[in-house]
Amino acid sequence: MKKYFIIISLLVISGITVFFSCDKIEPPYMNVTDVSDCPVPDFPDVTTPEKTILIEEFTGHLCVYCPTGTDYVHQIKNQSYGNRVIVLAIHASGLSDPEPGNYSLDLRLIPHGEELYSYFAIPAEPRAGFNREKIDGTNNFYGTPSTWQAKAEQVLAQAPVMTLQIINNYDSATRKLCAHIKTKFLAPNTQNLKIALFLSEDSIVGYQKNNNNAVGTMPDIVDYVFMDVMRDDFTGTFGEVLTSGSVAQDSAVIRTYKKILDPGFNAKHCKVVAYVYDADTDVVLQAAEEKVY
Amino acid sequence: MNHKHTFFFAIIICFIFSIGQGHAQGLEKLLRNSQVSGNFQFDGMYYNKDSLIGAPDVPQKVLMNAFANINYTNGPFSAGFRFENYLYALQGFDPRYKGIGIPYRYASFEKDKFTITIGNSYDQFGSGLVYRAWQDASLGYDNSLDGINIKVNPWKGITLKGVWGQQRFYFDKGPGIVRGGDAEFVINDMFKKLNDKPLRVSIGGSFVSKYQDADDPVFNLPKNVAAYGGRGSISYKGFMINGEYAHKINDPSTVNNRIYKSGNATLLQLTYAQKGLGLYLAAIRTDNMSFKSDRDAEGNDLNINYIPSLAKQTTYSLPSIYTYGTQPNGEFGMQAQGIYTFKKKSVLGGKYGTNISLTYSRYNAINKKQVDDDTPIDSTGTLGYKSDYFKIGKEAYYENFNFEFSKKFNKTFKLIVDYFYIMYNAKVIEGHEQPNIHSHTVVVDMTFNINEKHSLRTELQHMYAKQGEGSWAYAMVEYTIAPKWFFSVSDMYNYGNSISEKRLHYYSVATAFAIGSTRISLNYGRQRAGIFCVGGVCRYVPAANGLTLSISSSF
């Protein structure tokens, strides 16, 4: 009996110890980033609003089909769409894992890339989404290269529902980046909208697997130039609430974000990518990008 | 293969054999008492291109899932592991299931009323509202806890449990640590005088705390989050009532949009059973009760708890199109079921008896109100919302009415007739922006036992619906030559789809062959896109067209 009493007592004590292992958080729940050292600039008026498109390209340096996929994306971008096409190359899944030797370059943004890969149930690379609109006749947001051109044209033909502008202020001495965004609604809106901001980097050189000699040497492209690589985030994987409920036409939201740039990034090749999306359907309504400086 | 796992088993095997090598008799005894058991499952599919049904392109052409469980027992000692192989995983399974490894291994022994398990373990506290570690290969679900699991029965009728570890996360472990304990007291078993009383009472309580580091520049996040609950059960003759209440403190996460409201869940069940009659009434209310060991996890990843589903489940193809998936952020559900068996040799019972059952289940949102005039519901970094416990939300998530008639007419013929009415809120359950779906389905399931070896079963199903994919028809014929052969042909026809190009046939031809406990099956056909659910836990299955080979075996 004494033995059991001791056992029960010990378990109860252990239980109480664990039970009180909880942290009750009192308001305020969020640390608002101090952006007082980021004065908000004047945004120029947008005289001719245009629909923009966010291409989220899932890729990886071990993916042999991916250089061909990226080539498709660049062809779309280089067509006469001007700056209406914004690309975010998301290096995710095992095909992006760094390996000892030539493939040691790590272009993944953990955990954000994997979270997007998982959330959109990407089955393999290359895949690309166009404003996260469903590929015709499927439930998939992300399609294979054969679907991309048509989807891009279809999305770009839509009328814009808002404008989205970015102005960056960068201090190269301290590597402090202030990113200011402004959205203006061109029509009343009742959607639950979120805004997501990422940092992308161009012109990173490394090895890339390849099986198409039209786009590079096979089986490895030794000096492949990676563009639009998703490198860092400002708002987490799925962004933050922009508006919730009714918003009147011509309403505007201005926000400022601040970040000290990672010393491993070449600021000259970095861009801030922002997009606004419907939190209920995931569809991107408008996107923008702007060089850090 | 994970070398840590290999090392772990090498130690166990060396330990066992080192005992034997030193003592020949010991070795003989060891071998005499040893028992090894296991099972194997392989599912591989060759994917055809089929843009009509929206089947995604599969660059690898052939995908596969395979696993094998090997268990060793020797008296009070047991150990085992599960080998898993996904190269690559079948469509519809999370692509993070990739590679080969031994993500599950354990060793366990029983001594002095203790059962101690090290390695991975599955367990459940009460109905699972605060803790359930379980696995379902068909769902691709496995949240086993890698650590220690201690169970002790210090006194007859008392069971104490303790767990401490990290959860499985594909071929890795989740970042959080899970600690928990549970105590259950079966009052009648504890006191001799009460042993044979018809009134039986048991009570229990459990608590679980998770720890995850937090270094977020924006949010003040709790590193330790606890959930706890109490439960009780009273039964008297054919009646039984049981209930459980669970509470969780602030747990801002991706699933709840990082709100700081506490969560709670209540489950109540009432059953009555007597010969020929069974009644079941249950209700569940959950409010912000997603509890994961990683605050950033989504979907089915790293669930610590489990929210039972009260929605009627069926194996019939057409009503299964609209299956309910539990909503951890909040739901109010209920189920009422009655089963009656007409006595044999009565007018309605006939020679073999007749069964009828009626089931009604419904899910609604919970009531949510703004915390103040300026803060929209579910706003990040706030308390999220207020909820009146006894008010049911207006939005209906799911409704299911089912009537089933089952009768064996004679030695050769058995008939089952089912009717289902299902209301399905696809926006909430699947995230599709579309009107609620109202479907009416009739199923006729007939089995003809031609002789002792040969039987023929056929299913005819029709679903009428105006919304969603519209109406469907289904027919299936199954021929079994016991105990070895099985053949089936089926077709699901979406003839009522409002888009004429989508009025497609989802045909399937299958055969299976069994040798002892080994079964090999081949299936060729189309699979529609949709969700597949077990007990309210769901995964999305994309459309597919191809040849599937399955092999299962056990020893």
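A disulfide is a pair of cysteine sulfur atoms within 2.5 Å. I looked for such pairs in a predicted model, where local features need pLDDT of at least 70, side-chain atom pairs count only at pLDDT 80 or more, and totals for chains, interfaces and linings use all residues. Residues are numbered from 1 along each chain as its sequence is written, chains are lettered from A and ligands numbered from 1 in the order in which they are written, and side-chain values use heavy atoms, with hydrogens and water left out.

Entry 1, the count. I found three disulfides over all chains.

Entry 2, C38(A) and C178(A). I read 1.9 Å from S to S for this disulfide. The torsion about its S-S bond is about -60°, so I noted it as left-handed. The two cysteines are 140 residues apart: C38(A) sits in the loop between α1 (2–19) and β1 (53–59) of chain A, and C178(A) in strand β6 (residues 176–185). Helices (H or I, at least four residues) and strands (E, at least two) are DSSP runs, numbered from the N terminus.

Entry 3, C63(A) and C66(A). I read 2.1 Å from S to S here. This link is right-handed, with 90° about the S-S bond.

Entry 4, the pairing in chain A. I numbered the bonded cysteines in sequence order and got 1-4, 2-3.

Entry 5, C533(B) and C538(B). I read 2.0 Å between their sulfur atoms. Both cysteines are buried (under 20% relative accessible area; exposed is over 50%, partly exposed in between; 1.4 Å probe, protein chains only).

Entry 6, C270(A). Why is there no bond from C270(A) to C178(A)? I found the sulfur of C270(A) 15 Å from the closest cysteine sulfur, in C178(A), which is too far for a bond.
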